[in-house]
Amino acid sequence: SVAQIDIDFDLTTYDNFKVYLEGWDPSADCSMYVRFKIGGSISTASYYSSLTIKKYNAGFDSSTYGGSNHNLGYLSDNVGGGADKKYSAQLDIMPGTGTGFPFLHVSSFYRDNGSGYAATTGVIAWQQFAQIQGIRLYPSSGNIDSGKYTLYGLK
């Protein structure tokens with residue numbers, strides 16, 4: 001059971017990265033977030049731009065698209081804690097080289113706290129030209145009790 005996962009990138013060998021989150025089991029209803037490692041430390045500054053949308057059994061949840069979640073590194077909304085309410089996602093990360101904004105693209109699938117199947121897709125960007133050196137993944141409440149992640153470096 002962990003409250004967060006920190007992943008560092010090997011920028012000397014790889015240009016882009018993929019992270020697969022498989023069957024993460026949150027201990028409580030939560031939203032999932034990401035923070036970027038910039039300049040050797042996890043940044044909590046407001047330079048995140050999140051454009052994330054949720055599609056679920058009632059349609060599109062417009063409240064998860066930008067708006068109040070604009071600077072929070074927001075991956076998903078209301079992942080329901082419970083035996084069959086696991087969170088899986090694919091994250092594609094372009095660390096940035098000084099010629100374009102670095103960003104992370106997320107596609108996720110899970111059951112929300114209303115037991116409806118839900119999918120989110122979106123982009124979390126760092127609004128500066130510094131490279132992303134790693135990421136921190138964490139739930140808004142509770143812990144991740146089980147599941148795994150796999151990191152791939154792409155040239």
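**Exercise 1. Is K155 buried or exposed, and with which residue does K155 form a salt bridge?**

K155 has a relative accessible area of 71% and is therefore exposed, where buried stands for under 20% relative accessible area, exposed for over 50%, and partly exposed for values in between, computed with a 1.4 Å probe on protein chains only. The model is a predicted one, in which local features need pLDDT of at least 70 and side-chain atom pairs count only at pLDDT 80 or more, whereas totals for chains, interfaces and linings use all residues. Residues are numbered from 1 along each chain as its sequence is written, and side-chain values use heavy atoms, with hydrogens and water left out.

The next step is the partner. K155 forms a salt bridge with D15, with 3.7 Å between the closest N and O atoms; the term requires a side-chain nitrogen of Lys or Arg within 4 Å of a carboxyl oxygen of Asp or Glu. K155 lies in the segment after strand 12 (144-154) and D15 in the loop between strand 1 and strand 2, so the pair ties together parts that are 140 residues apart in sequence. Strands here are DSSP runs of E with at least two residues, numbered from the N terminus. D15 itself, at 40% relative accessible area, is partly exposed.

**Exercise 2. Compare the settings of the salt bridges E22–K148 and D84–R111.**

The structure holds 8 salt bridges. In one of them, the side chains of E22 and K148 meet at 4.0 Å, N to O, and this pair links strand 2, which holds E22, with strand 12, which holds K148, across 126 residues. E22 counts as partly exposed at 38% relative accessibility, and K148 likewise counts as partly exposed at 46%.

For D84 and R111, the closest N and O atoms are 2.5 Å apart. D84 belongs to the loop between strand 7 and strand 8, while R111 belongs to strand 9, 27 residues apart. D84 is partly exposed at 46%, but R111 is buried at 17%.

**Exercise 3. Which residues of the largest nonpolar core touch the most other members, and which strand supplies its largest share?**

A nonpolar core is a set of buried Ala, Val, Leu, Ile, Met, Phe, Trp, Tyr and Cys residues joined through side-chain atoms within 4.5 Å. The largest core has 29 residues, of which F36, L75, Y87, L91, L104, I135 and L137 touch the most other members. Several strands each supply at least two residues of this core, among them strand 1 (5-8), strand 2 (16-26), strand 8 (87-94) and strand 11 (134-139). The largest share, 5 residues, comes from strand 3.

L91 can then be examined on its own. Apart from neighbours within four places in sequence, its contacts, meaning heavy atoms within 4.5 Å, include F17, L21, L75, L104, I135 and L137.

**Exercise 4. Describe the geometry of the aromatic pairs Y14–F17 and F109–Y117.**

Rings of Phe, Tyr and Trp (its six-membered ring) pair if their centres lie within 6.5 Å, and planes under 30 degrees apart count as stacked, over 60 as edge-to-face and the rest as tilted. The whole structure contains 11 such pairs. Y14 and F17 are edge-to-face, with 6.2 Å from centre to centre and 70 degrees between the planes; Y14 is partly exposed at 31%, and F17 is buried at 2%. F109 and Y117, by contrast, are stacked, at 6.0 Å and 5 degrees, with F109 partly exposed at 48% and Y117 exposed at 52%.

**Exercise 5. Place G122 within the strand pairing of strand 10.**

Two strands pair if DSSP finds at least two bridges between them. Strand 10 pairs with strand 5 in the antiparallel sense over 9 bridges, and strand 9 and strand 10 pair in the antiparallel sense over 9 bridges as well.

G122 is in strand 10 and stands opposite T52. The C-alpha atoms of G122 and T52 are separated by 4.0 Å, although the two residues are 70 apart along the chain. At 6% relative accessibility G122 counts as buried, and beyond four places in sequence it is in contact with L51, T52, L104, H105 and V106.

The hairpin completes the solution: 5 residues lie between strand 9 and strand 10, and S115 in the turn has a positive phi of about 65 degrees.

Key
Helix = DSSP H or I, 4+ residues; strand = E, 2+ residues; numbered from the N terminus.
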